[in-house]
Amino acid sequence: MIGLSMTAYDEKTLRGFEKWVRAAEGLGFDFIELLSEWPHYLSENNLNFFCEVLNSYGMKATVHAPFSDINIASFNGHIRNVSLGIIRETLKLSAEIDALAVTIHPGHCSPVSVKNRRKYLEIHRESLRKISSWAGEYGIKVGVENMPRFPILDAQTPERLAELIEGIDIGVTFDVGHLNTTSMDFDRFLELLGDRIVHVHLHDNSSKADEHLPPGEGTLPWRRVFPKLPEVTMALEVNNLESARRSLEFLNGLHQ
C-alpha cells in the first residue's frame with residue numbers, strides 16, 4: 001500500500017488540493033499523507049475539508065505530525081509542553097479522520113542537552129511515554145521517525161532510535177532515505193527495529209544530503225532493500241507529481 005505525501009503538493013493554499021488528490025489517485029496511489037506543516041497544519045478548521053476530498057476519491061490518510069519549531073525533548077518545560085500539546089492535538093485529529101498511522105519526529109539537541117546527555121535522554125523518553133499513552137487513548141498507530149544526517153538531529157542510527165524507544169509502547173517510521181545519509185546499514189535497522197515498524201517513508205538521495213529524490217535517482221540500493229521492507233503503509237516523499245509518477249513506475253518495476 002503506497003501513498004503520496006503532501007511534500008509533492010507545492011501550493012500555499014488548499015485551493016488546488018482536490019485536483020492534486022485526483023491526480024495522485026489517477027497515478028495509482030492508495031492514500032495521501034497529510035503533512036501538518038506550514039502552511040497546511042491539520043486543524044479543526046480544515047479537518048472536514050480534508051475528509052471530504054479524500055473520501056470523494058476513496059483515499060485513506062496517514063499523517064505527518066508538525067516538526068518545525070517544536071521540540072519534545074527541550075529542557076525548557078514551556079517549549080516542551082507546548083510541543084507535546086501540538087502532538088496530542090494532531091493525534092486526536094488524526095483519529096477523527098481514521099488515519100492509518102501518524103509519524104512524529106524525535107526531539108533534537110541543543111547546547112544544554114549536549115552537555116547533559118543523561119538528563120536529555122530522561123526528558124526525551126518521558127515525552128515519548130506520554131505520546132505512547134495518547135496514542136493508546138485515541139487508538140492510533142504512531143511511528144517515531146529516524147532522522148537524516150544533520151548536526152542537531154537525534155535518532156540518526158538504528159541503535160540510537162532503539163535506545164530512545166526501548167520499553168515504550170510506540171512504533172517506528174522507517175525513513176529509508178534518511179538512513180541512506182547516515183549509517184546506510186539497512187539490514188541492521190531491520191534487525192533491531194523491524195518488528196516496531198508501523199510506517200515507511202520512501203525517497204532517494206546522493207547519500208550526502210536529504211534531497212528527497214525519486215527512488216532510483218540516487219544511491220539507495222532499492223533492489224536489495226525494498227523486498228525486505230515490512231508490509232506496512234509506505235508514503236512516497238518527493239517534491240512534485242512528475243517525480244511521484246517516475247517514482248511509482250520505478251517501484252512497480254522492482255516487482256518484475
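**Helix packing and some unusual backbone sites**

Pro-158, leaving aside residues up to four places away in sequence, touches Leu-179, Ser-183, Arg-188, Phe-189, Leu-192 and Leu-193. I begin with that residue, and I should say at once that what we are looking at is a predicted model. Pro-158 belongs to helix α6, and with a relative accessibility of 1% it counts as buried, since the cut-off for that class is under 20%. To place Pro-158 in the wider chain, take Ala-61, which is 97 residues away along the sequence and whose C-alpha atom is separated from that of Pro-158 by 27 Å.

Let me widen the view to the helix itself. Helix α6 covers residues 158-165, and it is mostly covered, with six of its eight residues buried. Those buried residues are Pro-158, Arg-160, Leu-161, Ala-162, Leu-164 and Ile-165; please note that Arg-160 is on that list. And what do the buried residues of α6 pack against? They pack against α5 (117-138), β5 (142-145), β6 (171-175), α7 and α8. After α6 comes Gly-167, which has a positive phi, near 75 degrees.

Of those neighbours, I would like to look at α8, residues 186-193, in some detail. The axes of α6 and α8 lie 9 Å apart and make an angle of about 15 degrees, and because angles under 35 degrees are classed that way, the two helices are roughly parallel to each other. The crossing of α6 past α8 is right-handed. On the α6 side the contact is made by Pro-158, Glu-159, Leu-161, Ala-162 and Ile-165, and on the α8 side by Arg-188, Phe-189, Leu-192 and Leu-193. Sorted by class, this contact of α6 with α8 has seven nonpolar residues, two charged residues and no polar ones. The four α8 residues in that contact, Arg-188, Phe-189, Leu-192 and Leu-193, also appear among the residues that Pro-158 touches.

In the loop that leads from α7 (176-179) to α8 we find Met-184, whose phi is near 60 degrees, a positive value in a residue other than glycine. With a relative accessible area of 42%, Met-184 is partly exposed. I mention the sign of phi because most residues other than glycine have a negative one. Asp-98 is another residue of this kind, with phi near 60 degrees and thus positive in a residue other than glycine. Asp-98 sits in the loop between α3 (77-96) and β4 (102-104), and its relative accessibility of 49% makes it partly exposed, the exposed class beginning over 50%.

A further backbone feature is found in the loop between β2 (31-35) and α2 (47-56), where Trp-38 is located. Trp-38 and Pro-39 are joined by a cis peptide bond, with omega about 5 degrees, and Pro-39 likewise has its place in the loop between β2 and α2. In general, most peptide bonds are trans. Is Trp-38 buried or exposed? Its relative accessibility is 62%, so Trp-38 counts as exposed. Between Trp-38 and Leu-220 there are 29 Å in space, C-alpha to C-alpha, and the two are 182 residues apart in sequence.

Helix α2 brings us to a second helix pair, since α1 and α2 pack at an angle of about 35 degrees, with 10 Å between their axes. Here too the crossing is right-handed, as α1 passes α2. Phe-17, Glu-18 and Val-21 of α1 meet Phe-49, Phe-50, Val-53 and Leu-54 of α2, and by class these residues divide into six nonpolar, one charged and no polar.

Let me finish with helix α10, residues 241-253, whose 13 residues reach 18 Å from the first C-alpha to the last, close to the 18 Å expected at 1.5 Å a residue. In α10 the buried residues are Ser-243, Ala-244, Ser-247, Leu-248, Leu-251 and Gly-253. Which elements are included in what covers them? The cover includes α1 (17-27) and α9 (222-225) as well as the strands β1 (2-5), β7 (197-202) and β8 (233-236). In strand β1 lies Ser-5, which at 1% relative accessibility counts as buried, and which, residues up to four places away in sequence again set aside, touches Trp-20, Glu-33, Leu-236 and Glu-237.

Methods. Residues numbered from 1 in each chain as written. Predicted model: local features only at pLDDT ≥ 70, side-chain atom pairs only at ≥ 80, totals over all residues. Heavy atoms only, no water. Axes fitted to C-alpha atoms, helices over the stretch in contact; angles between N-to-C directions. Parallel < 35°, antiparallel > 145°, perpendicular 65-115°, else oblique. Left-handed = near helix turned anticlockwise from the far one by under 90°. Contact = heavy atoms within 4.5 Å. Nonpolar A, V, L, I, M, F, W, Y, C, P; charged D, E, K, R; others polar. Expected span 1.5 Å × (residues − 1). Buried < 20%, exposed > 50% of the residue type's maximum accessible area, 1.4 Å probe, protein only.
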